[in-house]
2 protein chains.
Amino acid sequence: MGNENLVFEKYLVSKGLKLTKPRKIILNTVFATHEHFNVDELYDQIRKKHKDVSRATIYRTIPLLVEAGLIKQSLRCLAKDHYEHTYGHNRHLHLICEKCGKIIEVESKETENILNKLAKKHNFNIKEFNIGAKGICNKCRKK
Amino acid sequence: MGNENLVFEKYLVSKGLKLTKPRKIILNTVFATHEHFNVDELYDQIRKKHKDVSRATIYRTIPLLVEAGLIKQSLRCLAKDHYEHTYGHNRHLHLICEKCGKIIEVESKETENILNKLAKKHNFNIKEFNIGAKGICNKCRKK
DNA sequence: TTGAGAATGAGATTTATTCTCAGAATTAAC
DNA sequence: GTTAATTCTGAGAATAAATCTCATTCTCAA
Ligand SMILES: [Mn+2]
Ligand SMILES: [Mn+2]
Ligand SMILES: [Zn+2]
Ligand SMILES: [Zn+2]
């Protein structure tokens, strides 16, 4: 159990925004699992318990969670933006199977170090990495 | 002047598809510059000379160019998919400024080697790299 | 308790991308 | 060159993720 609630509240206060019931529900549902998610999945999950949270509010809350450093935009699949935790999760890269959609997550300080070095050379200040590759997974190659 | 025409024709023939006038126009316009592009920009560019090529055909041709190994989906900006050449261009990663949208392209065999190593460990067969970072560029930091 | 501002749900709107379909173009065989 | 089988095309309709509008409700500091 992290204190994403505290982080979020701090962020909201710092921006003069209010900690409302829908925002709490959204935050808690987002952090109830550790999977990548999209708005539709999140909406369905929330709706199981709370019939009164709208899609609009979810769409409005996600940028706040991003700004607060709790989640980030991750992959885009089937024409939908997907998100994942940054708070409480180590950075990692994604190997995505083009056949079955499987996602392998791998940590690699090494790639980050190299990117940092390259960025330095170009006077570029990295805020967020986005590293990955598409290809074919083990199982799909065997078939 | 590369022979992207030859590559494309070969691909089309191999798939039992036809080398039509609109497809030639689209291919040539795509390879008339070396910049990233989106469908709207490409459409406008084509329309300057050819009033009879439709958006639908552009949308239908792009996947063929991708499959033929001539271009790849690159970044997504302002809710639009962007593309870039793979044929005739070295692989590179992108440093994207969050403030001004500037894109710095950097080659790095090193990151690719590491990714290949990691992929091998996971029995994953990489078809395409996707490496980059978001942050703040030189100019925007100074302001 | 109250008031000013922020936030909400519902549904309309936007807009990139995909789909439909009737007519046109391509290609290989004759 | 004709033909025929098939693929392609443009135009516009359709789809759907994401954003916006607005009247009403909520939040919270005072
Ligand atoms: Mn992940
Ligand atoms: Mn590029
Ligand atoms: Zn797979
Ligand atoms: Zn910049």
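# Exercises on metal sites, a pocket and some loops

B:Leu78 is exposed, because its relative accessible area is 79% (exposed means over 50%, buried under 20% and partly exposed in between, with a 1.4 Å probe and protein chains only). This is a predicted model, in which local features need pLDDT of at least 70 and side-chain atom pairs pLDDT 80 or more, while totals for chains, interfaces and linings use all residues. Residues are numbered from 1 along each chain as its sequence is written, chains are lettered from A and ligands numbered from 1 in the order written, and side-chain values use heavy atoms, with hydrogens and water left out.

**Exercise 1.** Work out where B:Leu78 sits and what is notable about its phi.

*Step 1.* Find the residue: B:Leu78 is in the loop between strand 2 (71–77) and strand 3 of chain B. Strands here are DSSP runs of E with at least two residues, helices are runs of H or I with at least four, and both are numbered from the N terminus.

*Step 2.* Look at the backbone: phi of B:Leu78 is near 50 degrees, a positive value although the residue isn't glycine.

*Step 3.* Now try B:Asn123, in the loop between helix 5 (109–121) and strand 6 (125–136) of chain B. Its phi is near 55 degrees, again positive in a residue other than glycine. B:Asn123 counts as partly exposed, because its relative accessibility is 41%.

**Exercise 2.** Which residues hold the zinc ion (ligand 4), and what is the arrangement of the donor atoms?

*Step 1.* List the donors (N, O and S atoms within 2.8 Å of the metal, or 3.2 Å for Na, K and Ca; water is not among the atoms, so sites may look incomplete). The zinc ion (ligand 4) is coordinated by the SG atoms of B:Cys97, B:Cys100, B:Cys137 and B:Cys140, at 2.2 to 2.4 Å.

*Step 2.* Check the angles: the four donor atoms subtend 104 to 115 degrees around the zinc ion (ligand 4), so the arrangement is tetrahedral (four donors, with all angles between 85 and 135 degrees). For comparison, the ideal angle for four tetrahedral donors is 109.5 degrees.

*Step 3.* Read the spacing along the chain: it goes C-x2-C-x36-C-x2-C.

*Step 4.* See how covered two of these cysteines are. B:Cys97 is buried, because its relative accessible area is 2%. B:Cys100, at 45% relative accessibility, counts as partly exposed.

**Exercise 3.** Trace the donors of the manganese ion (ligand 1) along chain A, and say which of A:His94 and A:Glu105 is buried and which is partly exposed.

*Step 1.* Name the protein donors: A:His36 (NE2), A:Glu84 (OE), A:His92 (NE2), A:His94 (NE2) and A:Glu105 (OE) lie 2.1 to 2.2 Å from the manganese ion (ligand 1).

*Step 2.* Write the spacing: H-x47-E-x7-H-x1-H-x10-E.

*Step 3.* Pick out one pair: A:His94 is in strand 4 (residues 93–97) of chain A and A:Glu105 in strand 5 (residues 103–106) of chain A, 11 residues apart, so this pair links distant parts of the chain.

*Step 4.* Settle the accessibility: A:His94 is buried, because its relative accessibility is 5%. A:Glu105 is partly exposed, because its relative accessible area is 39%.

**Exercise 4.** Repeat the tracing for the manganese ion (ligand 2).

*Step 1.* Its protein donors are B:His36 (NE2), B:Glu84 (OE), B:His92 (NE2), B:His94 (NE2) and B:Glu105 (OE), lying 2.1 to 2.2 Å away.

*Step 2.* In sequence, these donor residues are spaced H-x47-E-x7-H-x1-H-x10-E.

*Step 3.* Try another pair: B:His92 is in the loop between strand 3 (80–85) and strand 4 (93–97) of chain B, while B:Glu105 is in strand 5 (residues 103–106) of chain B, 13 residues apart.

*Step 4.* B:Glu105 counts as partly exposed, because its relative accessibility is 40%.

**Exercise 5.** Find out how much space the second largest pocket holds, and which element gives the largest share of its lining.

*Step 1.* The second largest pocket holds about 280 Å³ of space. A pocket is an open set of points on a 1 Å grid over the protein atoms alone where a 1.4 Å probe fits, with protein on both sides within 12 Å along at least five of seven lines; lining residues have an atom within 4 Å of a point. Points are joined across faces, edges and corners, and the volume is the space filled by probe spheres set on them.

*Step 2.* There are 18 lining residues, and the closest to the centre are A:Lys72, A:Arg91, A:His92, A:Glu128 and A:Phe129.

*Step 3.* Strand 6 of chain A gives the largest share of the lining, six residues.

Methods:
Tetrahedral: all angles 85-135°; square planar, octahedral: opposite > 155°, others 65-115°.
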